[in-house]
Amino acid sequence: MRLQCDVEVVNRALPSLGLRRNGRSRRAVLSIGKHLDRSPSSSGLFLLICTARDRSGARYKLKDNIEKFFTWFVEEGKATVRLKEPAIDICLSKADISSLKSFLSAARLAHRGSDTDSLPLSALGPARARDVEKPKKKLSILSKKDYPLTSSFPWSLEQLQVSYCRLTRVDLRMLTLRALRRLDLSNNHIKKLPSTIGDLSCLAELILHNNHLESFSDGLCSSTLQTSLQHLDLSQNQLQVLPARFCQLQQLVNLKLDDNKLSRLPFHIGRLSKLRFLSAAHNQLTVLPSSFRKLCLENLDLFGNPFSQANALEHTMHLTFPLTLQELASRAVLELRIPHGPHVVPLHLCHQLDFSKACDCGRVCVNSFIQTAVSMNLHLVSHTVVLVDNMGGTEAPVQKHFCSLMCYCEFMDGCVQRDLR
C-alpha cells in the first residue's frame with residue numbers, strides 16, 4: 001500500500017518547548033508494510049515516509065499506535081494521522097482522493113492488527129527519486145521518439161505540449177489530467193476531438209493549430225469549457241463550419257480561426273462579450289453575421305477572405321403574407337421573453353427560435369424576413385484592424401434583416417437620402 005502526497009510531520013511537543021512548527025509540507029511517498037528485520041521487536045506493520053531529503057525514510061509502528069484520524073477534509077485530498085509514540089501528527093495533503101481513502105482504511109486495519117493478510121503491503125525500501133520529486137507542472141514533448149508509450153503523464157501537470165508527434169487522435173491519458181490549464185496539440189494529424197476534453201474543468205487554453213480537424217464538436221460547446229476556456233486556436237485546419245452552440249463558450253478572449261475553409265462565422269458570435277482578439281484570415285467568408293456589430297475587440301484580422309460587394313438593393317425575400325400562426329407565436333415568445341426549451345416546444349422550433357433575427361425597428365423575426373448586406377467599417381468593432389484586402393480596405397459586408405417590407409423600404413429611403421447629401 002503506497003500513497004504519493006504532500007506530508008508535514010508535526011511534533012506535538014513543540015508548543016510546550018516554546019517552538020513553532022515550520023508549516024512546510026514536502027512531497028513524499030508513504031508505504032505500509034512489514035519490517036525487513038524479522039526480530040520480535042520489529043513484528044507488525046509499519047508506516048514508512050520517504051521524502052527527497054530522506055529517501056531511506058522514517059519508520060513508524062502502526063499496531064495500537066494511532067490515537068486518532070482527522071478526515072474532515074478527505075474529499076479535498078487532506079487528512080491527518082495522529083500517532084501515540086512518538087507524539088506526532090502526520091498531515092497529508094494534495095493526495096488523490098480515492099487513493100487517500102484506501103490508504104486510511106489500510107492504516108486503520110494495521111492499527112487494529114486485524115485482517116492484515118488481505119492488505120496489499122509494500123516493501124519498506126528507499127523511494128525512487130522521481131517519486132518524491134516536486135510535482136511536475138509543465139511538460140513539452142516535441143518529437144515522436146520522446147512520446148511516452150508505457151508510462152503515464154505526471155498527474156500534476158498544468159501545462160502540456162505535445163507537438164510534431166504525428167498524433168491522429170487525442171490520447172485519452174491526457175484527459176485524466178484534472179489540473180490541466182493549457183493543452184497544446186499543435187502540428188499533429190488530429191482529425192476529431194473527443195467530447196471528453198470538455199471534462200477538463202480547469203482548461204483555459206486549447207491550441208490545435210495545424211492539424212486535420214474537420215469539425216468542432218457541439219458537445220464541447222455545452223461542456224465545462226463554457227466557464228473555463230479563454231484561448232482557442234483552431235488555425236490551419238479543415239473546418240468548414242462551426243456549431244450553432246459555439247457562442248456558449250462565453251469566456252473566450254482570444255479566438256484564432258485562420259487558414260480554414262469557413263464559409264461563415266457563428267450566427268451569434270456577438271454573444272462572445274469577452275472576446276478581444278479575433279483572427280479569421282484566409283477563409284471563405286463572403287459576409288459577416290448581423291450580430292458581428294455587437295463585438296468589442298482590440299484586434300481583428302479578416303485578411304484574405306472573398307468578401308462580396310455589399311449592396312442593400314440586392315436582397316433575399318423570405319416574407320409570407322399574411323404571417324403564419326407559427327411566425328406570430330414565435331415572435332411573441334421572443335419579444336415577451338417567455339422561457340422555452342425542448343421540454344415545452346418541439347426541438348426543431350427551439351432551433352429556429354435560437355436563430356431569430358433582429359430588425360432595425362427593434363422587433364424580432366424568425367422564418368419571415370428580408371435579408372440584405374450592408375458595408376461596415378470594422379473599426380466600429382475593433383481598435384486595431386488588419387487590412388481586409390491588398391487595397392487597404394477596412395470595410396466588410398454585414399448581414400442585415402428586416403421583419404417587414406415597411407422596415408426595408410424605410411431603410412432604403414434613408415440610404416437614398418444619405419446618398420443625395
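**Exercise 1. Find the loop that holds Asp 259, then say what is unusual about its backbone and how exposed it is.**

Asp 259 sits in the loop between β13 (254-256) and β14 (277-279). Keep in mind as you go that you're looking at a predicted model.

Step 1: check the backbone. Phi of Asp 259 is near 55°, a positive value, and the residue is not a glycine. Most residues other than glycine have a negative phi.

Step 2: check the exposure. The relative accessible area of Asp 259 is 34%. Buried means under 20% and exposed means over 50%, with partly exposed in between. So Asp 259 is partly exposed.

**Exercise 2. Do the working again for Tyr 164: where does it lie, what is its phi, and is it buried or exposed?**

Step 1: place it. Look in the loop between β9 (159-162) and β10 (182-184), and you'll find Tyr 164 there.

Step 2: read phi. Tyr 164 has a positive value of about 60°, though it isn't a glycine.

Step 3: compare with the cut-off. Tyr 164 has 52% relative accessibility, so it counts as exposed.

**Exercise 3. Track down the cis peptide bonds at Pro 86 and Pro 322, and give the loop for each proline.**

Step 1: start from the general picture. Most peptide bonds are trans.

Step 2: go to Pro 86. The bond from Glu 85 to Pro 86 is cis, with omega near -5°. Pro 86 belongs to the loop between β6 (79-83) and β7 (88-93).

Step 3: go to Pro 322. Here a cis bond links Phe 321 to Pro 322, and omega is about -10°. The loop in question runs between β16 (315-317) and α5 (325-335).

**Exercise 4. Phe 321 turns up again at the surface. Which residues make a nonpolar patch with it, and how exposed is Leu 405?**

Step 1: name the members. Met 317, Phe 321 and Leu 405 make a nonpolar surface patch of about 330 Å².

Step 2: place Leu 405. This residue lies in helix α7, which covers residues 405-420.

Step 3: grade its exposure. Leu 405 has 38% relative accessibility, so it counts as partly exposed.

**Exercise 5. Describe the largest cavity: its volume, its lining and the character of that lining.**

Step 1: count. There's one cavity of 30 Å³ or more in the structure.

Step 2: size it. The largest cavity holds about 40 Å³ of space.

Step 3: list the lining. You'll meet Leu 30, Leu 47, Leu 62, Val 81, Ile 90, Phe 103 and Ala 107.

Step 4: sort them. The lining has seven nonpolar residues, no polar ones and no charged ones.

**Exercise 6. Now try the largest pocket. Which elements supply its lining, and how do the lining residues divide?**

Step 1: size it. About 730 Å³ of space lies in the largest pocket.

Step 2: find the centre. The pocket has 28 lining residues, and Arg 27, Lys 94, Ala 95, Trp 155 and Ser 156 are those nearest its centre.

Step 3: find the elements. β1 (2-11), β2 (26-34) and α1 (97-112) each give at least two lining residues. β1 has the largest share, with four residues.

Step 4: sort the lining. It splits into nine nonpolar, six polar and 13 charged residues.

**Exercise 7. Pick out Val 7. Is it buried or exposed, and how far is it from Lys 84?**

Step 1: place it. Val 7 is part of strand β1.

Step 2: grade it. The relative accessible area of Val 7 is 6%, so this residue is buried.

Step 3: take the distance. Val 7 and Lys 84 are 77 residues apart along the chain, and 18 Å separates their C-alpha atoms.

Technical notes: Residues are numbered from 1 along each chain as its sequence is written. This is a predicted model: local features need pLDDT of at least 70, side-chain atom pairs count only at pLDDT 80 or more; totals for chains, interfaces and linings use all residues. Side-chain values use heavy atoms; hydrogens and water are left out. On a 1 Å grid over the protein atoms alone, a cavity is a set of points where a 1.4 Å probe fits but cannot get out, and a pocket is an open set with protein on both sides within 12 Å along at least five of seven lines; lining residues have an atom within 4 Å of a point. Grid points are joined across faces, edges and corners, and a volume is the space filled by probe spheres set on the points. Ala, Val, Leu, Ile, Met, Phe, Trp, Tyr, Cys and Pro count as nonpolar, Asp, Glu, Lys and Arg as charged, and the others, Gly among them, as polar. Patches are made of residues with over 30% relative accessible area and no salt bridge: like charges are joined within 9 Å, nonpolar side chains (Val, Leu, Ile, Met, Phe, Trp, Tyr) within 5 Å. Accessible areas come from the Shrake-Rupley method with a 1.4 Å probe; for residues, only the protein chains shown count as cover. A salt bridge is a side-chain nitrogen of Lys or Arg within 4 Å of a carboxyl oxygen of Asp or Glu. Buried means under 20% relative accessible area, exposed over 50%, partly exposed in between (1.4 Å probe, protein chains only).
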